[in-house]
Amino acid sequence: MRRVRRPWPAWRSAAFYAGLFVMLAALSGPVDHLAFELFSVHMIQHMLLTVVAAPLLLLGAPVRPLLLGLPAAVRRAIRPLARSGALRGAAHALRSPLVAGILYVGGIYYWHFPRLYDAAVEDPLLHSVEHGWFIASALLFWSVVIDPLPFRSALAYPWRILFLLLAGAAQNTILGGLLSFSTRVLYPHYGTSALTYGIDPLTDQKTGGALMWVPGDLVFLGAASACFFLFLREEERTQERTERRA
């Protein structure tokens, strides 16, 4: 951060380190242990990774400080890659709203198919792949909404709001509602493990669905509200520049 030419905002550093802390808390300690036993805690783990840690990391705008923190020899070695048209084109394509939305939403639904979900819980390697997918796709999703400096989002603020409501809150409500209102246990792995804690497996599943539904939607709606106020501020500044020219 000392190598960045402009003064570095303290809130960005706080957001980045908070994102790292949330990720560490989700993937270790009691959360990770209980996620194997309780579906509701497993859902908390996934929500921490996708709707808390990912946006915090991007709000920290870590790209420039991390690159400047590398040894000079390493920076010289990766500079041609950063200037590669093919690499920049691939990154731009992955960060397009359609691709990022499909990877994020499609991944969430795909990994929640009962057989795959149970297999991921019981296989450590597959579980790591699942978490890696959630983190990577969530970073792509939120990069459409948050300007991960030095990159910019391709969407204007009104379209970001629509993206958050459709690809974020809407799909979150559908899947969370399906889990909350299901009348049978969808994941056999948790059909027995929850009983060791004196919790009915169906209640555990409904709780997990509600946790995905309500807190998740609050995050997406909060982000949409922030985009709305940023849009108003942008319009106000545009109006001020127009008046000064006049």
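Accessible areas here come from the Shrake-Rupley method with a 1.4 Å probe.

**Figure 1. Surface of the predicted model.** The accessible surface of the chain amounts to about 13,800 Å². Carbon and sulfur atoms hold 70% of that area. The chain has 246 residues, and 39% of them count as buried.

**Figure 2. The fold is built from helices, with zero strands.** The chain contains 12 helices. Read from the N terminus, the order is α-α-α-α-α-α-α-α-α-α-α-α. Along the principal axes, the C-alpha atoms fill a box of roughly 70 × 50 × 35 Å.

**Figure 3. Contacts across the sequence.** Take the contacts in the chain with a separation of 6 or more. Of these, 74% join residues 24 or more positions apart.

**Figure 4. Charges of the chain.** There are 22 positive and 15 negative charges. The mean positions of the two sets lie 19 Å apart.

**Figure 5. The largest pocket, with a volume of about 1,100 Å³.** Its lining counts 24 residues. Closest to the pocket centre are Val63, Leu67, Ala82, Pro150 and Phe151.

**Figure 6. Helices that line the largest pocket.** Five elements appear here: α3 (39-59), α4 (63-68), α5 (72-82), α6 (85-94) and α9 (124-145). Each of them supplies at least two residues of the lining. Val63 and Leu67, among the residues closest to the pocket centre, fall within α4 (63-68). Ala82, also in that central group, belongs to α5 (72-82).

How values were computed:
Residues numbered from 1 in each chain as written. Predicted model: local features only at pLDDT ≥ 70, side-chain atom pairs only at ≥ 80, totals over all residues. Heavy atoms only, no water. Helix = DSSP H or I, 4+ residues; strand = E, 2+ residues; numbered from the N terminus. Buried < 20%, exposed > 50% of the residue type's maximum accessible area, 1.4 Å probe, protein only. Contact = heavy atoms within 4.5 Å. Lys, Arg positive; Asp, Glu negative; His and termini not counted. Charge placed at Lys NZ, Arg CZ, Asp CG, Glu CD. 1 Å grid on protein atoms, 1.4 Å probe; cavity = no way out; pocket = protein on both sides within 12 Å on 5 of 7 lines; lining within 4 Å. Points joined across faces, edges and corners; volume = space filled by probe spheres on them.
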